[in-house]
Amino acid sequence: MTADEARDLADFVMFSQRNCILRLSPVLSEGKISYPQFFLLAYLAEEECISMSNIARMMGHSTAAATGMVDKLQDLGYLKRSTAAADRRKIMVRITPEGRELIERMRSNIARDLAALMSEEDRVEQHSRALRTIARHASRRRRD
């Protein structure tokens, strides 16, 4: 990747991230969740379940802080806890259908907003170059 491509990609990521986060704010407020809770839900939407200790490690929090985050999401009906079959001391967390629906709604909003950003004529070339760079980089990584 050239320095110009890296700069274009960084501009694209920063611009799209800022716009997505600004547009997520009202939805997060409506769902009564924070950005870290949203990212945890989004991760859990892709996994069957995950242990509390792995949540703490993944989020860079203490187990107590991760427990507080999970408590709130469980109170809102977005997550459910259970004990692991092999070790009843181990707490496993999974997303509920309500949590999955919230994430899907947010994902649809993000996709719509990105499509709108990409359609702005003055930004099309910059976005196209950034996406081509991402695709080239991803294909190189798959080959390696």
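Which residue stands opposite S82 in β3? The partner is M92. The pairing of S82 and M92 belongs to a small story about strands, helices and two buried side chains.

This is a predicted model, in which local features need pLDDT of at least 70, side-chain atom pairs count only at pLDDT 80 or more, and totals for chains, interfaces and linings use all residues. Residues are numbered from 1 along each chain as its sequence is written, and side-chain values use heavy atoms, without hydrogens and water.

**The sheet**

Three strands make an open sheet. Their order is β1-β3-β2, and the pairing is antiparallel. β1 and β2 are the edge strands, and each pairs on one side only. Strands here are DSSP runs of E with at least two residues; helices are runs of H or I with at least four; both are numbered from the N terminus. Two strands count as paired if DSSP finds at least two bridges between them.

β1 covers residues 50-51 and β3 covers residues 91-95. Two bridges link β1 and β3. β2 spans residues 79-83, and five bridges join β2 to β3. Some bridge partners are listed here.

| Residue | Partner in β3 |
|---|---|
| I50 | V93 |
| L79 | I95 |
| S82 | M92 |

In a regular strand, side chains alternate between the two faces of the sheet.

**A helix on the sheet**

Helix α4 (residues 63-75) packs on the sheet. α4 touches β2 and β3. Its direction makes about 120 degrees with that of β2. Such axes are lines fitted to C-alpha atoms, for helices over the stretch in contact, and the angles run from 0 to 180 degrees between N-to-C directions. Contact means heavy atoms within 4.5 Å.

**Two buried residues**

Is Q37 buried or exposed? Q37 is buried, with a relative accessible area of 7%. Buried means under 20% relative accessible area, exposed over 50%, and partly exposed in between, using a 1.4 Å probe and protein chains only. Q37 lies in helix α2 (residues 35-44). Its side chain reaches the backbone nitrogen of S34 at 2.7 Å. Beyond neighbours within four places in sequence, Q37 is in contact with K32, M69, K72 and L73.

L24 sits in helix α1 (residues 3-31). L24 is buried too, at a relative accessible area of 5%. Which residues does L24 touch, not counting those up to four places away in sequence? They are Y35, F38, M106 and I110. L24 and M106 are 82 residues apart in sequence. In space, their C-alpha atoms are 7.1 Å apart.

Key. Polar contact = N/O pair within 3.5 Å; in protein donor to acceptor, adjacent residues only side chain to side chain.
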